[in-house]
Amino acid sequence: MACVTASAAACLGACGGGEHAVLRDGTALPPARLANAADLAEGTVPRMLNVEPPFRYPTELYARKVQGDVTLRLHVDSTGRVRPESTSVIASSGYAALDSAAVRGAAALRFAPAVRDGRPVGRSIRFPVLFRHPTAPPLPTDTSLKRF
């Protein structure tokens, strides 16, 4: 069985750097900042609702035990939906097929939206997707993942 993880911690970190994301329709999304403990307590960060990650490990790469990490930038709107036109790869795995699989799967993500002043709001987040083969050795970046 393929192991694809949408890190729970992913939803905790909003995009930093003060960058404006611009959608294909020309809409500028507000710059985001890193979430802190107060943000998490107040619900100002979207919370992923998917029980299983919706990402499909590319068959050829799985057969070769290729692993990698993809970091996506997503905009979760005030209804909890990912705006597909806002999804982009901000850190590539080095494998186009893994990057594409992450972008395709992001469309099926579901969130409880961020909340500010008691109202749901849209928010841009960084979202890591980890492609791991169950019989491949851990990657050097896997120090926080526990193998069972």
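Start by selecting Pro46, which sits in the loop between helix H1 (37-42) and strand E4. This is a predicted model, so keep that in mind as you click around. Is Pro46 buried or exposed? With a relative accessible area of 2%, Pro46 is buried. Now add Pro120 to the selection and draw a distance between the two C-alpha atoms: 9.4 Å separates them, although the two prolines are 74 residues apart along the chain.

**Zoom out for a moment**

Colour by secondary structure and you should find three helices and ten strands. Going along the sequence, the order reads β-β-β-α-β-α-β-β-α-β-β-β-β. The chain has 148 residues, and 40% of them count as buried. If you like contact maps, take the contacts between residues at least 6 apart in sequence: 71% of those join residues at least 24 apart. Switch on a surface and you are looking at about 8,400 Å² of accessible area, with carbon and sulfur atoms owning 56% of it.

**Next stop: strand E10**

Select residues 123-132, which make up strand E10. How many of its ten residues are buried? Eight are, so to speak, under cover, and E10 is mostly covered. Bring in E5, residues 68-76. E5 and E10 run antiparallel, and nine bridges join them. For one spot along that pairing, show Leu72 and look across to E10, where Phe127 stands opposite. While both strands are on screen, here is a general point to try by eye: in a regular strand the side chains alternate between the two faces of the sheet.

**The phenylalanine cluster**

Keep Phe127 and add Phe55 and Phe111, shown as sticks. Ring pairs link these three residues into a cluster. The model has four aromatic pairs by the ring-centre rule, and two of them can be visited here.

Take Phe55 and Phe127 to begin with. Why does this pair count as tilted? The ring centres are 6.4 Å apart and the planes meet at 40°, so the pair falls in the tilted class, given that under 30 degrees would be stacked and over 60 edge-to-face. Phe55 comes from the loop between strand E4 (47-48) and helix H2 (59-63), while Phe127 belongs to E10, so the pair links distant parts of the chain, 72 residues apart. Both partners are out of the solvent's way by the numbers: Phe55 is buried at 4% relative accessible area, and Phe127 is buried at 0%.

Now swap Phe55 for Phe111. The centres of the Phe111 and Phe127 rings are 6.1 Å apart with the planes at 85°, so this pair is edge-to-face. Phe111 lies in strand E7 (residues 111-112) and Phe127 in E10, so the pair ties together parts 16 residues apart in sequence. Phe111 is buried too, along with Phe127.

**Last stop: two positive phi angles**

Finish in the loops. Select Lys65, between H2 and strand E5. What is its phi? The angle is near 60°, a positive value in a residue other than glycine. Lys65 is partly exposed, at 42% relative accessible area.

Then jump to Asp117, in the loop between strand E8 (114-116) and strand E9 (119-121). Asp117 is not a glycine either, and its phi is positive at about 55°. Buried or exposed? At 75% relative accessible area, Asp117 is exposed.

How values were computed. Residues are numbered from 1 along each chain as its sequence is written. This is a predicted model: local features need pLDDT of at least 70, side-chain atom pairs count only at pLDDT 80 or more; totals for chains, interfaces and linings use all residues. Side-chain values use heavy atoms; hydrogens and water are left out. Rings of Phe, Tyr and Trp (its six-membered ring) pair if their centres lie within 6.5 Å; planes under 30 degrees apart count as stacked, over 60 as edge-to-face and the rest as tilted. Helices (H or I, at least four residues) and strands (E, at least two) are DSSP runs, numbered from the N terminus. Buried means under 20% relative accessible area, exposed over 50%, partly exposed in between (1.4 Å probe, protein chains only). Two strands pair if DSSP finds at least two bridges between them. Contact means heavy atoms within 4.5 Å. Accessible areas come from the Shrake-Rupley method with a 1.4 Å probe; for residues, only the protein chains shown count as cover.
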